[in-house]
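Open the model in your viewer and keep the selection panel at hand. The tour makes two stops.

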Amino acid sequence: MSKKLFIQTLGCAMNVRDSERMIAELTQKEGYELTNNEAEADLILINTCSVREKPVHKLFSEVGGFVKNKKEGAKIGVCGCTASHLGSEIFKKAPQVDFVLGARNVSKITQAIKTPKFISNDINHDESEFAFAEFRNSIYKSYINIMAGCDKKCAYCIVPHTRGDELSIPFEIIKNEVTKAVLSGAKEVFLLGQNVNNYGKRFSKEHRKMDFSDLLNELSLISGLKRIRFTSPHPLHMDDKFLETFTSNPVICKSMHMPLQSGSTQILKAMKRGYTKEWFLNRALKLRKMCSDVSISTDIIVAFPGESDEDFNETLEVMKELEFEQIFSFKYSKRPLTLAASMPNQIDELTASKRLKTLQDLYNSILDKISKKQDGKVFEVFFEELKENNQIVGRSDNNFLINVNGSEELLGCFKKVKINKTSRTTLYGEIQD
């Protein structure tokens, strides 16, 4: 009887890809079989996030739940970003945990499961050329890491302390991984990195020199690849070459994530983001002009230490001017090891909650306007997920989520869809003959 593996993934797309890599190593090299039932698992992995405080607190309650429900002899491993920054503290707080594996150490998973109280949380361990086994959650699209770590020192962000210094993965490795994914059925790839458009600045060895725009153009030539998406680019590195490549290359999906964080130049400076409100507006408005059908998503933090009402209002003004198609918005969360955690003028919880609600109310009004504009439009949709009640879901090139009536034979197909109903988060339509 094969050994069973249960894995819970928290956080971002990079964690999803790290989980896929650990699944691949364990199923293909150690004989494990995936299960959705934690009670029958011989190995339970929790791949953690530490970007905000809540997921870290959730970790230990999750461990407690797994300890209560797991079968006798089953092992529990804590992996990912929280493992990176807490390290051996996890054993102290949760002695039932068998091993701890940081976000830059997933290649050591087969060693970890065989070593009592194994710990590896070196944030600069080099996995850029490690030959991982292959596993993907979807045969239709594929996540591809193009870099690891982050060299930015944003005052609120713990990621440099959990994923280490920025290191690009060599082009040939990326190209081979994309090619294998396409040959196995993927038509869309999602390129991952903390600052993807800073790609190529540092490799672990001497490699062919190229920037992110060059990488996008090279990958778009791979036969059978229909769509390229990526996250997250940094506004600071959005030069004209990058915007031109994004706009002119038909394989690149016209959906851009531009993390604003704040609309106040003063707060951006305190955050150590490296750009001003004026620079962000210049890049975003130029992109809107160059690419009329682009959708722009963003991240916004409210109530960063020292944020005044005026600073917050500047963020609202940027929101009104750019009318983002999607936002990910959060109250500032104090994180260990970060500069902002010890800054004066921390904002009280009540003020933070009020600002977040004001921001989200504004966004909802913008979203209502944007969604209504899509009624009657025709999009080319790539279908990738089957839902209940004969509903099948896909995305347009510019990342609108679109539902139609259909069956699994549509999975992995591109179809023209005319929108006949809209909501804030989803569009509904009919396939055009």
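Which element gives the most to the lining of the largest cavity? Select α1, residues 13–29, in this predicted model: α1 leads with three lining residues.

**Stop one: the cavity**

A search of the whole structure finds one cavity of 30 Å³ or more. The volume of this largest cavity is about 150 Å³. Now select Arg-21, Arg-104, Glu-127, Asn-145 and Ala-148, which are the closest to the cavity centre among the 15 residues that line it. Add β8 (147–148) to the view; along with α1, β8 is an element that gives two or more residues to the lining. Colour the lining by residue class to see seven nonpolar, two polar and six charged residues.

**Stop two: three strands**

Clear the selection and pick strand β18, residues 414–422. What does β18 pair with? On one side, strand β15 (residues 378–386) is joined to β18 by five bridges, and the two run antiparallel. To find the register, show Phe-382 and Phe-414: Phe-414 belongs to β18, and Phe-382 stands opposite.

Next, add strand β19, residues 427–431. β18 and β19 are also antiparallel and are joined by five bridges. Here the pair to show is Thr-422 and Leu-427 of β19, which stand opposite each other. Follow the chain from β18 into β19 and you pass through a hairpin of four connecting residues.

With side chains displayed, keep one general point in mind: in a regular strand they alternate between the two faces of the sheet.

Note on methods:
Residues numbered from 1 in each chain as written. Predicted model: local features only at pLDDT ≥ 70, side-chain atom pairs only at ≥ 80, totals over all residues. Heavy atoms only, no water. Pairing = 2+ DSSP bridges. 1 Å grid on protein atoms, 1.4 Å probe; cavity = no way out; pocket = protein on both sides within 12 Å on 5 of 7 lines; lining within 4 Å. Points joined across faces, edges and corners; volume = space filled by probe spheres on them. Nonpolar A, V, L, I, M, F, W, Y, C, P; charged D, E, K, R; others polar.
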